[in-house]
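Reader: I should like to learn how the features of a protein model are to be read. Please give the general idea and then the case at hand.

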Amino acid sequence: MEPVLREIGREDWITLIIFSSVIFLVLAKSLFYGRFLNFIILPFNNKYIFLYNKKDRLMNWFHIFFTAFELLNVSLFSYLAITIYKPGEVLPSPILFTFILGLVFLFLFLKILVQLGNSTIFNNQSVIAEILFKKISYLNYGSLILFFTNVLLTYVFIGSKTVVIFGVIVFLLILAIGWVTIIKTHLKFLTSYFFYFILYLCALEIAPIIIIVNALKV
């Protein structure tokens, strides 16, 4: 019997990406079960922020596992959305996903650097670190929504623009809840730097969303 070479299909490597993200999720849950339980109710209860906001805000394994989970799912969702809205203009492939993953990683990394740099310039490292922790926590939570959306787009509602739009809406809703929490908690600080806060929102929070929407021509 001669061996038969099987071409790697779309679902094969996407399944590998989804499975890899699940591994990070399972590690976070298994190794930090109590923290995971508090995290899972984040949009409805600030207990997670209250308990873990003081020590090792960003550099801890729970946060690292979830950030890896976030990067994979944000990138995969972006990839799926592009291939759905631009089927004739892009060639679906692992190379395109890798390129998107690199862009997402670079963008998030530069955002963090800019914010940490601002904290040094304005001499408010503690407050900026706290705001950054909250922002990334809500972003990580939003990646859970994108994970389920990715599963639906890959195996159930393949090519569904409705599912893409639903995923974007819920994801942005989670981020909005996070921003409301940040503004309520740090209103005095943000009003002290109101101009820089608005500039930051326009340049690094709102502008990327507008660019993506225009690129997809939803």
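The dialogue below goes from the overall fold to the core, the aromatic rings and single residues.

Reader: Which secondary-structure elements does the chain have, and how many of each?

Author: This is a predicted model. The chain has 9 helices and 0 strands, so that the order of elements from the N terminus reads α-α-α-α-α-α-α-α-α. Of its 218 residues, 43% are buried. Among contacts with a separation of 6 or more, 76% join residues 24 or more positions apart.

Reader: How should one read a nonpolar core, and which residues touch the most other members of the largest one?

Author: In soluble globular proteins, nonpolar side chains tend to be buried together. Here the largest nonpolar core has 43 residues, and those touching the most other members are Phe39, Tyr48, Phe66, Leu76 and Tyr79. Helices H1, H2, H3, H4, H5, H6 and H7 each supply at least two residues of this core. The largest share, 14 residues, comes from H4.

Reader: What is Phe66 in contact with, once its neighbours within four places in sequence are left aside?

Author: Phe66 is then in contact with Leu25, Ala28, Phe36, Phe39, Asn140 and Leu144.

Reader: How many aromatic pairs does the structure hold, and how is the geometry of a pair to be read?

Author: Ring planes under 30 degrees apart count as stacked, over 60 as edge-to-face, and the rest as tilted. The structure holds 19 aromatic pairs. For Phe39 and Tyr48, the ring centres are 5.3 Å apart and the planes stand at 75°, so this pair is edge-to-face. Both Phe39 and Tyr48 are buried. The rings of Phe69 and Phe147 have centres 5.7 Å apart and planes at 45°, and the pair is therefore tilted. This pair links distant parts of the chain, since Phe69 lies in helix H4 and Phe147 in helix H6, 78 residues apart.

Reader: Are Phe69 and Phe147 buried or exposed?

Author: The cut-off for buried is under 20% relative accessible area. Phe69 has 0% relative accessibility and therefore counts as buried. Phe147 is also buried, with a relative accessible area of 10%.

Reader: Which residues form the aromatic cluster?

Author: One aromatic cluster is formed by Phe32, Phe36, Phe39, Tyr48, Tyr52, Phe62, Phe66, Phe69, Phe133, Tyr141, Phe147 and Phe148. Arg35 lies over the face of Tyr52, at 4.3 Å from the ring centre. Phe133 is found in helix H6 and, at 0% relative accessibility, counts as buried. The C-alpha atoms of Phe133 and Lys54 are 9.7 Å apart in space, although the two residues are 79 residues apart in sequence.

Reader: What does Ser21 touch, beyond residues up to four places away in sequence?

Author: Ser21, found in helix H1, touches Phe69, Leu72, Asn73 and Phe147. Its relative accessibility is 1%, so Ser21 counts as buried.

Reader: How is a helix such as H7 to be checked and read, and which of its residues are buried?

Author: An α-helix has 3.6 residues a turn, so residues three or four places apart point the same way. The buried residues of H7 are Val163, Val164, Gly167, Val170, Phe171, Ile174, Gly178, Trp179, Thr181 and Ile182. As for length, at 1.5 Å a residue the 25 residues of H7 should span 36 Å, and the end C-alpha atoms are 36 Å apart, which agrees.

Reader: Which residue caps the N-terminal end of H7?

Author: The cap is Ser160, with a side-chain oxygen 3.4 Å from the backbone nitrogen of Thr162.

Key: Residues numbered from 1 in each chain as written. Predicted model: local features only at pLDDT ≥ 70, side-chain atom pairs only at ≥ 80, totals over all residues. Heavy atoms only, no water. Core = buried A, V, L, I, M, F, W, Y, C linked by side-chain atoms within 4.5 Å. Buried < 20%, exposed > 50% of the residue type's maximum accessible area, 1.4 Å probe, protein only. Helix = DSSP H or I, 4+ residues; strand = E, 2+ residues; numbered from the N terminus. Contact = heavy atoms within 4.5 Å. Expected span 1.5 Å × (residues − 1). Polar contact = N/O pair within 3.5 Å; in protein donor to acceptor, adjacent residues only side chain to side chain. Phe/Tyr/Trp six-rings, centres within 6.5 Å; stacked < 30°, edge-to-face > 60°. Lys NZ or Arg CZ within 6 Å of the ring centre and 35° of its normal.
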